[in-house]
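Biologist: I've got this one open on my screen and would like to talk it through with you. Could you start with the overall layout and then move on to the charged side chains?

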Amino acid sequence: MNNCLPFTKYEFLNKKYETEQSVQRMLFTDMEIELPHTYLEKVDKSTMLNSIEARVPFLDNELVSYVRGLPATFKVNKNEKV
C-alpha cells in the first residue's frame with residue numbers, strides 16, 4: 001500500500017470491505033484510519049507528555065468484535081448516529 005497518495009489507504013480499505021453495506025464500510029474504514037492515527041495517537045502523546053496513564057476501555061477486543069457485527073441500522077438511523 002503506497003502512502004504517497006492521500007486516498008490510497010481509503011481505496012484499499014474500501015475494497016477490503018466491499019461486501020459490507022456502505023455505512024458499515026465507512027465506519028470500518030474510519031475505525032482503521034482515524035481511530036489509531038488521529039484520536040488514539042493524540043491521546044497517547046498528550047498523556048505521555050504529562051506522565052499520565054490513560055486507558056481506552058471501549059476498545060476491548062470482544063466488545064469491538066460484537067459492535068462490528070451489529071447491523072448498520074443499530075449505528076446510524078436516518079443519517080444520524082444512534
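Modeller: Reading from the N terminus, the elements of the protein follow the order α-α-α-β-β, which comes to three helices and two strands. Please keep in mind that this is a predicted model.

Biologist: How does the radius of gyration compare with what the globule rule gives for 82 residues?

Modeller: The radius of gyration is 15 Å, well over the 12 Å from the globule rule, so the protein is more spread out than a compact globule. Along the principal axes, its C-alpha atoms fill a box of roughly 40 × 35 × 25 Å.

Biologist: And what share of the residues is buried?

Modeller: Buried residues account for 13% of the 82, while the surface that the protein exposes comes to about 7000 Å², with carbon and sulfur atoms supplying 57% of it.

Biologist: OK, charges now. How many salt bridges are there?

Modeller: The count is two. One of them pairs E32 with K16, whose closest N and O atoms are 3.1 Å apart, and this pair links distant parts of the chain, since E32 belongs to helix 2 (residues 22-49) and K16 to helix 1 (residues 8-16), 16 residues apart.

Biologist: Where does the E41 salt bridge sit, and who is the partner?

Modeller: E41 meets K45 at 3.0 Å, N to O, and both residues lie in helix 2, four residues apart, which is about one turn of the helix.

Biologist: Are the residues in these bridges buried or exposed?

Modeller: In the bridge between the two helices, E32 is partly exposed at 24% relative accessibility, and K16 is also partly exposed at 47%. In the bridge within helix 2, E41 counts as partly exposed at 33%, whereas K45 is exposed, because its relative accessible area of 51% is over the 50% cut-off.

Biologist: Switching topic, what about K75, which has no salt bridge? Where is it in the chain?

Modeller: K75 lies in the loop between helix 3 (61-69) and strand 1 (76-77). K75 is buried, and the nearest side chain of opposite charge, E20, is 7.7 Å away, so that pair falls outside the 4 Å limit for a salt bridge.

Biologist: Then which backbone oxygens does the K75 side chain reach?

Modeller: The K75 side chain reaches the backbone oxygen of V67 at 2.9 Å, and that of L70 at 3.5 Å.

Definitions and conventions: Residues numbered from 1 in each chain as written. Predicted model: local features only at pLDDT ≥ 70, side-chain atom pairs only at ≥ 80, totals over all residues. Heavy atoms only, no water. Buried < 20%, exposed > 50% of the residue type's maximum accessible area, 1.4 Å probe, protein only. Lys, Arg positive; Asp, Glu negative; His and termini not counted. Polar contact = N/O pair within 3.5 Å; in protein donor to acceptor, adjacent residues only side chain to side chain. Rg over C-alpha atoms; globule rule 2.2 N^0.38 Å. Areas by Shrake-Rupley, 256 points an atom, 1.4 Å probe, with all protein chains shown as cover.
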